[in-house]
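Subject: Structure handover

Hello,

Here is the structure we talked about. Please open it first, then read my notes below.

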Amino acid sequence: MEILASIPSPSKGEIDLFGLPLRGYAFAIIIGVFVAVWIGGKRWVARGGKPGTVADIAVWAVPFGLVGGRLYHVITDNDLYFGEGRNWVDAFKIWEGGLGIWGAIALGALGAWIGCRRRGIPLPAWADAVAPGIALAQAIGRWGNWFNQELYGRATDLPWALEITRSDGGRVPGEYHPTFLYESLWCIGVALLVIWADRRFKLGHGRAFALYVAAYCVGRAWIEYMRVDDVQLNDVLGLRFNVWTSIVVFVLAVAYIVISARVRPGREEVVEPDRDGGAAESDSDSDADADADADSATDADADKVELSKKDSDADGATDGDSDGDSGAEVKDEAGSAKG
């Protein structure tokens with residue numbers, strides 16, 4: 001049995017889906033989004049939310065995230081699109097690769113905030129529910145880099161080396177560290193970590209999402225350090241720009257976890273209030289019933305008072321009649337005595 005000496009790369013960046021050609025990069029992103037929404041929806045319902053809420057908010061978060069991810073990539077690598085001999089139209093060809101996770105998270109959070117505002121739910125609670133799903137979406141999405149033969153690491157002769165066969169775009173055919181695979185496996189580990197920590201410590205108020213961000217940054221820093229692809233901000237004070245970004249975001253995420261745990265400990269009791277008016281109507285019905293009961297009680301008391309009064313009058317009349325009869329008897333006896 002022959003053992004592969006390296007991981008082969010696809011001969012083309014497309015896959016045939018029911019006879020239709022689909023870019024592998026786009027396919028990986030689509031599958032990742034569906035997984036994130038599915039897992040997030042289950043976690044949201046388990047937290048007390050309504051089915052479908054995660055998907056409704058994702059309608060806002062996903063497009064914003066795609067735009068943000070593309071903007072981050074184009075801004076940090078603008079020479080690829082606006083440099084000499086480049087075509088700026090290529091900046092819109094998102095299917096060819098090039099999404100920055102930091103921009104995707106930033107603008108995706110803005111879109112999610114808009115969606116949450118429309119549904120009247122807290123953004124941190126929603127973010128906690130979808131955090132593991134986002135990590136798994138990244139794990140799946142990284143395989144799009146495999147289709148495009150991009151974002152690999154240094155040359156290596158390890159058994160799991162990635163074989164690069166293309167020579168365009170500055171690529172040099174050879175065997176390299178499969179950093180896309182490293183990051184994919186790391187993201188799976190991050191998702192499992194968040195799920196475990198959330199069950200163990202009952203994370204709330206955005207702390208599960210912050211844990212995902214911090215854990216991802218740790219892996220992204222060392223994986224980014226291994227990459228050799230040429231980027232515009234390749235050396236900022238001795239480190240790649242994305243490494244510095246990972247360090248800064250990690251510090252912010254950890255700070256949020258610590259401060260949030262002190263200011264707002266525990267987990268939200270209600271993640272999605274009932275906005276259908278059912279509770280209000282129920283309260284109104286209860287109040288109406290209570291008022292009706294009170295009116296009934298008042299009427300009953302009035303009837304009792306009236307009945308008591310009638311009984312008293314009747315007793316008085318009876319006593320008067322008795323007194324009259326007694327007087328008549330006395331007079332009769334007196335008359336008899338005289339006679």
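The crossing of helices α2 and α4 is right-handed. Keep in mind throughout that this is a predicted model.

First, that helix pair. Helix α2 covers residues 53-76, and helix α4 covers residues 101-119. Their axes come within 6 Å. They cross at roughly 150°. Angles over 145 degrees count as roughly antiparallel, so α2 is roughly antiparallel to α4. What kinds of residue form the contact of α2 with α4? Nonpolar residues account for 14, polar ones for eight and charged ones for three.

Next, the salt bridges. A search of the whole structure turns up twelve. I picked out three.

Start with the one between the two helices. The side chains of arginine 119 and aspartate 56 meet in a salt bridge, at 2.6 Å from N to O. Arginine 119 sits in helix α4 and aspartate 56 in helix α2, so the pair ties together parts that lie 63 residues apart in sequence. Are these two partners buried or exposed? Arginine 119 is partly exposed, with a relative accessible area of 24%. Aspartate 56 is partly exposed too, at 40%.

The second pair is arginine 171 and aspartate 168. Their side chains form a salt bridge at 3.3 Å, N to O. Here the partners fall into separate classes. Arginine 171 is buried, with a relative accessible area of 15%. Aspartate 168 counts as partly exposed, at 37%. The cut-off for buried is under 20%.

The third pair is arginine 227 and glutamate 224. The N to O distance in this salt bridge is 3.2 Å. Arginine 227 counts as buried, at 11% relative accessibility. Glutamate 224 is buried as well, with a relative accessible area of 1%.

Which residues join this pair in a network? Salt bridges with shared partners link Arg142, Glu183, Arg220, Glu224, Arg227 and Arg240 into one network.

If you want a short route through the model, try this:

- Look at α2 and α4 and their right-handed crossing.
- Find arginine 119 and aspartate 56, the salt bridge that ties α4 to α2.
- Go to arginine 171 and aspartate 168, joined by a salt bridge.
- End at arginine 227 and glutamate 224, then follow the network out to residues including Arg142 and Arg240.

Best wishes

Definitions and conventions:
Residues numbered from 1 in each chain as written. Predicted model: local features only at pLDDT ≥ 70, side-chain atom pairs only at ≥ 80, totals over all residues. Heavy atoms only, no water. Axes fitted to C-alpha atoms, helices over the stretch in contact; angles between N-to-C directions. Helix = DSSP H or I, 4+ residues; strand = E, 2+ residues; numbered from the N terminus. Parallel < 35°, antiparallel > 145°, perpendicular 65-115°, else oblique. Left-handed = near helix turned anticlockwise from the far one by under 90°. Nonpolar A, V, L, I, M, F, W, Y, C, P; charged D, E, K, R; others polar. Salt bridge = Lys/Arg side-chain N within 4 Å of Asp/Glu carboxyl O. Buried < 20%, exposed > 50% of the residue type's maximum accessible area, 1.4 Å probe, protein only.
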